[in-house]
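This report describes how two protein chains meet and then turns to a single residue and to one chain as a whole. Please keep the structure in view while reading.

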Number of protein chains: 2
Amino acid sequence: MDLEFNIESKKENSNSKEKENKLITDYSKFFSLRNTTPVQVTPIELKSFVVSKDYYQFGAGVPSHLFFPIKGLKFQFQYVDETIEIEEDNLGTLQQYSQLPGFPKLIEWLRELQKRYHGLDSYDTEGKEWDILLTTGSQQGLDVMFKVFLDRNDSLLTERYSYGGMFALSQPFGVNTIGIEMDDRGVIPDQLQYVLKNWCTLHRDKKFPKALYVIPHGQNPTGIIYDLERKREIYNICREWDLLIIEDDPHFFLQFENPMNEKGHRILEKSFLKIDTDDRVVRLDTFSKFLSSGIRMGIITCSKKLMPIFNLEVTCAIFHPSGLTQAMLEALFLRWGYEGFENHVKRVQDILIQKRKDAIENIEKHLKGLVTYRVPNSGLYLWLKLNNVDCSLTFIRDIVFPRNVLFGLGISHSPDRNVKSPYIRVTFSYLEKEDGDVAFKILGDCLRSLNGNNNIDQDKKTVSVNDKSSSSKPHQPLILQLQFHQQIR
Amino acid sequence: MDLEFNIESKKENSNSKEKENKLITDYSKFFSLRNTTPVQVTPIELKSFVVSKDYYQFGAGVPSHLFFPIKGLKFQFQYVDETIEIEEDNLGTLQQYSQLPGFPKLIEWLRELQKRYHGLDSYDTEGKEWDILLTTGSQQGLDVMFKVFLDRNDSLLTERYSYGGMFALSQPFGVNTIGIEMDDRGVIPDQLQYVLKNWCTLHRDKKFPKALYVIPHGQNPTGIIYDLERKREIYNICREWDLLIIEDDPHFFLQFENPMNEKGHRILEKSFLKIDTDDRVVRLDTFSKFLSSGIRMGIITCSKKLMPIFNLEVTCAIFHPSGLTQAMLEALFLRWGYEGFENHVKRVQDILIQKRKDAIENIEKHLKGLVTYRVPNSGLYLWLKLNNVDCSLTFIRDIVFPRNVLFGLGISHSPDRNVKSPYIRVTFSYLEKEDGDVAFKILGDCLRSLNGNNNIDQDKKTVSVNDKSSSSKPHQPLILQLQFHQQIR
């Protein structure tokens, strides 16, 4: 584990010769077909689309400020005594179209945040230019990644278990996701190397991957953290094979067992962005998991060279995230300052420690011997292996859910859906201790009903987890659209 | 012009035999390839992803409400005396993940709004089910339309001049946009029929179109309105050739010269949705042009059969629009009620009448004989033909913009960029009379400097609008990405 507090500059390996050799100056080899069909527009047209007070500008298709409905807006924030009133000028700004990367003061504040946590130089340092761009959360960050980099039948390497929303997104895009085996430090470097070296024999029908998608801290669903050494091994393999790294890091601030610095704040692991010497990391942050998910706001951080195309994709898709959300975050962060932000993060971590403790007490009480799990030191999730179940989907669906208890299902986190998964995911951040007491007891009862009875009579339809129709063959996924249509009829 | 107030039921042609024959029950023929690669997920997994209080649900990947930063929120709205405070329960809701179609009370209110204005039956009427879905504005509505319906090299029919953001979006999607000639009542039916009949000779390299994209009221950029008769003609041609109609209608409420009803509210034209007997209209609404653009909120309205795939696309792209915006609109609309909403619309229309008057006085003062235009009775725009200019882009760029005046450019509204356009678009809603006085005077001076001098000495680089390099050949568009990259370097 990395014990330094990460406000130092990104200078690692800066003297190595390799760095000069691998710096990506032209990303076009990674681009999707859609990205090679650029939008045709002249600079003067670009100017004519946006509101400006620098000249008489009547080109932009904007409403009059006289139409705006909000004439007053006041927030009360956690850990802030006074009520914060949004000024009249800002009320106008938040109700009118604005421009990416986002509200200037908010962007400035967030650039400094990224600098502090990811060891970046000033964003406009010559030769090391980077920048941020606001999105409506990391889900949109992913939509942009797929649009910009990945064509139909392109391949994306992922962790063996990973974020379900990414797999769901990959399917309409027609992108192959190939999971790499993990241990409790993340993707196993030898496995990654093996898959890449033997690509043409293992995956000869699929295009060679362009990127590795990775969730490095509080990994979803396993809760593990990639330590620095593991990150460096993975990074070097991605350099060797010239892969981009899409670092989706929603739980970065949820590393709740790391050692503390002198100010009592936990020292967070170095991100892939922090060790990135080649500009091959595109980092996705979101406020969803440690602040608020409903406000829908996230950040893309990467080399400034990629920003124009990301900016174009976000603009074409939504113009920009809600001005109301931007104004709220701007007011909150400027009032909190970085110290207030760090205090909030510390409180969130402390809450998670308590929530995890509550969950584990209940698991030990009700599920001893029935499940196998690793105590997570980050993130929101417990990843439980059901010891005597080979398909958690059928077990939960047919036995547990009828008793009004539901958990996340292993299959949702697998790139390969033609397998059975014995895992369930429990969001302990959302779990009230009393509810957990009830829910885990029910889960325990259901599991015990199977115990020693794993090869239950195949004809007994009551215990369908092991019945012939469901678990004796790989799980056959149904189709979302059909399901929806069926609901309608 | 249609004089009835449109709260009646959608019953037109309901007795005709044709209706039964043309009702679309299966949309798969319109679907894109990405849409035929459905997301694989079982119903129990769908349940496990979302927050529910109906059972013990610890599957969803959600933060604790203890992390949420907003503990108080107060709005003051136009035309409402008291301050509206968002209740604690709603504060929790708006800061947590929520589900599409959107916040229940807001959705209920908006369904009723759509019913009133578009003559729909109750949304769950058997055999006539329709619904709405929130988006972050119509730009996202378009992103969804392209994703769901249009593949690379598919074709989309548009108006001869149309919304620039739609053309920009079509390019990365690789979709052909073919503009149909218009008069001051919209797309000319004979022209539409001609293009469809002769598709294989006129456009043999392009796939037959799947849809017509149309902006029926306050058309962007021309400001015209399709009257009911014209709509019916267009609609019948779309029936004949089995095309979907994407009705993008941001200026529906900006019909500011229509006759009034007994309550003093203007009677709005029937929309394409209102005359739709076949479920072939997908309607996009937005709050951007008559309420606020910065809050980023729009609505898709169409047959309920299409909702699952639209829901899936919005969910995969952004999960849902900002809860802060949803809560704000819910509070506003529930307080205003439909009468308050209609009063707001009336005030907006009255402002536009004044703004148009101001703009036209300035045009008549400074541009008499130099421009040709039609006085618009809806929307935000004046569409001016510069009488002695054949390429407004080079003229504005080289002669007018150096004098600190900028307008929208005709070429931005053309599906074919290899042409010259003599038009400019002026957003009169955004124009202050004094500023217009200055800006139109400068435009007039610039135009007069050309007058009688149209074939100006080709070597005189000072008047580059007619110089050899720019206007003697079709305008060669530059590439956005290159421009951006150049800015970076």
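## The interface between the chains

In this predicted model, 129 residues of chain A are in contact with 128 residues of chain B. The size of an interface is often given as the accessible area lost when the parts come together. For chain A and chain B, the area buried between them is about 11,900 Å². Carbon and sulfur atoms account for 64% of that area.

## Polar and charged links

Which kinds of link join the two chains across this interface? Between chain A and chain B there are 4 salt bridges. One of the salt bridges is formed by the side chains of E45(A) and R417(B), with a distance of 2.6 Å from N to O. In addition, 57 residue pairs are in polar contact across the interface of chain A and chain B, both residues of each pair having a pLDDT of 80 or more.

Helix 11 of chain A, which covers residues 323-366, supplies 11 residues to the side of chain A that touches chain B, and this is the largest share. Sorted by class, that side of chain A holds 71 nonpolar, 39 polar and 19 charged residues.

## Strands paired across the chains

The two chains are also linked through their strands. Strand 1 of chain A (residues 56-57) and strand 15 of chain B (residues 405-406) run parallel and are joined by 2 bridges. Within this pairing, Q57(A) has L406(B), a residue of strand 15 of chain B, as its bridge partner.

## The setting of R280(B)

Is R280(B) buried or exposed? Its relative accessible area is 1%, which is under the 20% limit, so R280(B) counts as buried. R280(B) lies in the loop that connects helix 10 (272-275) with strand 11 (281-286) of chain B.

Two polar contacts of the R280(B) side chain can be described. One reaches the backbone oxygen of L243(B) at 3.1 Å, and the other joins the side chain of D278(B) at 2.9 Å. When neighbours within four places in sequence are left aside, R280(B) is in contact with several residues, including K22(B), I24(B), Y235(B), C238(B), R239(B) and D242(B).

## Chain A as a whole

Chain A contains 15 helices and 17 strands. Of the 489 residues in chain A, 64% are buried.

How far apart in sequence are the residues that touch each other in chain A? Among contacts between residues at least 6 apart in sequence, 73% join residues at least 24 apart.

Methods
Residues are numbered from 1 along each chain as its sequence is written. Chains are lettered from A and ligands numbered from 1 in the order in which they are written. This is a predicted model: local features need pLDDT of at least 70, side-chain atom pairs count only at pLDDT 80 or more; totals for chains, interfaces and linings use all residues. Side-chain values use heavy atoms; hydrogens and water are left out. Contact means heavy atoms within 4.5 Å. Buried area is the accessible area (1.4 Å probe) that two parts lose on being put together, summed over both. A polar contact is a pair of N or O atoms within 3.5 Å; within protein, one must be able to donate a hydrogen and the other to accept it, and residues adjacent in sequence count only if both atoms are side-chain atoms. Helices (H or I, at least four residues) and strands (E, at least two) are DSSP runs, numbered from the N terminus. Ala, Val, Leu, Ile, Met, Phe, Trp, Tyr, Cys and Pro count as nonpolar, Asp, Glu, Lys and Arg as charged, and the others, Gly among them, as polar. Two strands pair if DSSP finds at least two bridges between them. Buried means under 20% relative accessible area, exposed over 50%, partly exposed in between (1.4 Å probe, protein chains only).
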